[in-house]
Amino acid sequence: MPRRPIDIDIPDLTGRRALVTGASDGLGLGIAERLAAAGAEVILPVRNPRKGETAIARIRQRVPAARVSLRSLDLSSLDSVAALGDTLRDEGEPIHLLINNAGVMTPPDRQVTADGFELQFGTNHLGHFALVARLLPLLQAGDARVTSQVSIAARRGKVNWDDLNWERSYHGQRAYVQSKIAFGLFGLELDRRSRAGGWGITSTLSHPGVAPTSLLAARPELDRDEDTRAIRLIRSLSARGILVGTVETAKFPALMAATDPAAEGGEFYGPRGPGRLGGAPTEQRLYPPLRSTRDAARIWEISERLTETAFVAA
């Protein structure tokens, strides 16, 4: 059966500055392209300049009038995060939209970031946490919408509070789940603290469902030399229109969370199809592991200490 086309309306974003992490391919690239098509100036902070240039060329081919540019960022290095923060603050332009989309998933063996954190926790959560802290004045100046991309994997599981860096026993999938739960708790706590402190920032969450992205594909930098069985199955189901989404449709929950004028802080968006694996985007109920305000405050305080960053409002 042919797949029914999915799309959403995105408001005019002319005069708005947007930053999308993980935009050199996959969902992030699709998100950046749609924001550019709506008139936003889009910044792609990338680790690999060659991939970044290829992404910009694709966006400009499809959106000839696109205003899009690269910056350097490696979320697994807090020095790199700080450098991007310095660069953007020196530019002095408000940021109106920040979509925290980048991530890594289940390296076969435990790896660590430049700062010694377990790679998934350090990249998916701590790197983004520090980035938002570094950009806080610019986000305030833009009355920004911050959207953090979590995962359907966060619907169950827990934070390994006694061993956040998985030094005693590493389990790739559980470490990934932890990173996404921590990241979701942070996004919700960001909205609560913004409301309480009058920061003017609206923070939402999204998840893409399941789609054939590069997360589970061969990734030499993760010591994964070939595609996983999971990604081969997901590609097969996606091609047949069975249950899961596509790379094209999976971008829409984050776009809705980031741009829909009706979206409010603390809301969570994902696909509406069976099992929330694919389909058109809609608001969803928070996963149980994301509902504890005590856990959210705890991960915030731990993250400030680990990253040596503080949220200093203007």
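Two strands pair if DSSP finds at least two bridges between them; helices (H or I, at least four residues) and strands (E, at least two) are DSSP runs, numbered from the N terminus. This is a predicted model in which local features need pLDDT of at least 70 and side-chain atom pairs count only at pLDDT 80 or more, while totals for chains, interfaces and linings use all residues. Residues are numbered from 1 along each chain as its sequence is written, and side-chain values use heavy atoms, with hydrogens and water left out.

**The sheet**

Select the strands first. An open sheet of 8 strands runs in the order β3-β2-β1-β4-β5-β6-β7-β8, with mixed pairing. The edge positions belong to β3 (67-72) and β8 (281-284), each with a single partner strand, so one side of each has no neighbour in the sheet. On average, neighbouring strands are turned by 25 degrees against each other, direction ignored; axes are lines fitted to C-alpha atoms, for helices over the stretch in contact, and angles run from 0 to 180 degrees between N-to-C directions.

Next, display β1 (residues 17-20) with β2 (residues 41-46): they pair in the parallel sense over 3 bridges. Within this pair, Val-42 of β2 is the bridge partner of Ala-18.

**Helices across the sheet**

Add α3, which lies across β1, β2 and β3 and runs at about 135 degrees to β3. Then add α4, lying across β1, β4 (97-100) and β5 at about 180 degrees to β4. Contact here means heavy atoms within 4.5 Å.

**The nonpolar cores**

A nonpolar core is a set of buried Ala, Val, Leu, Ile, Met, Phe, Trp, Tyr and Cys residues joined through side-chain atoms within 4.5 Å. Buried means under 20% relative accessible area, exposed over 50%, and partly exposed in between (1.4 Å probe, protein chains only).

Select Leu-88, Leu-135, Leu-139, Phe-186, Leu-190 and Phe-311, which touch the most other members of the largest nonpolar core, a set of 55 residues. Helices α3 (78-91), α4 (119-141), α5 (172-197) and α8 (293-307) each supply at least two residues of this core, and α4 gives the most, with 11 residues. Another core, of 32 residues, lies apart from it and includes Ile-31, Leu-44, Leu-97 and Ala-263.

**Ser-151**

Move to the loop between β5 (145-149) and α5, where Ser-151 is found. Ser-151 is buried, with a relative accessible area of 9%. Beyond residues up to four places away in sequence, Ser-151 touches Tyr-176, Lys-180, His-207 and Tyr-287.

**Salt bridges**

The whole structure has 12 salt bridges, each a side-chain nitrogen of Lys or Arg within 4 Å of a carboxyl oxygen of Asp or Glu.

Begin with Lys-51 and Asp-25, whose closest N and O atoms are 2.9 Å apart. Lys-51 lies in helix α2 (residues 49-62) and Asp-25 in the loop between β1 and α1 (26-37), so the pair ties together parts that are 26 residues apart in sequence.

Continue to Glu-91 and Arg-71, which meet in a salt bridge of 2.9 Å, N to O. Glu-91 is in helix α3 and Arg-71 in strand β3, so this pair ties together parts 20 residues apart in sequence. Arg-71 is buried at 18%, whereas Glu-91 is partly exposed at 30% relative accessibility. Extend the selection to Arg-17 and Glu-41, which are linked with Arg-71 and Glu-91 in a network of salt bridges.

Finish at Asp-191 and Arg-195, whose side chains meet at 2.7 Å, N to O. Asp-191 is buried, at 4% relative accessible area, while Arg-195 is exposed at 57%.
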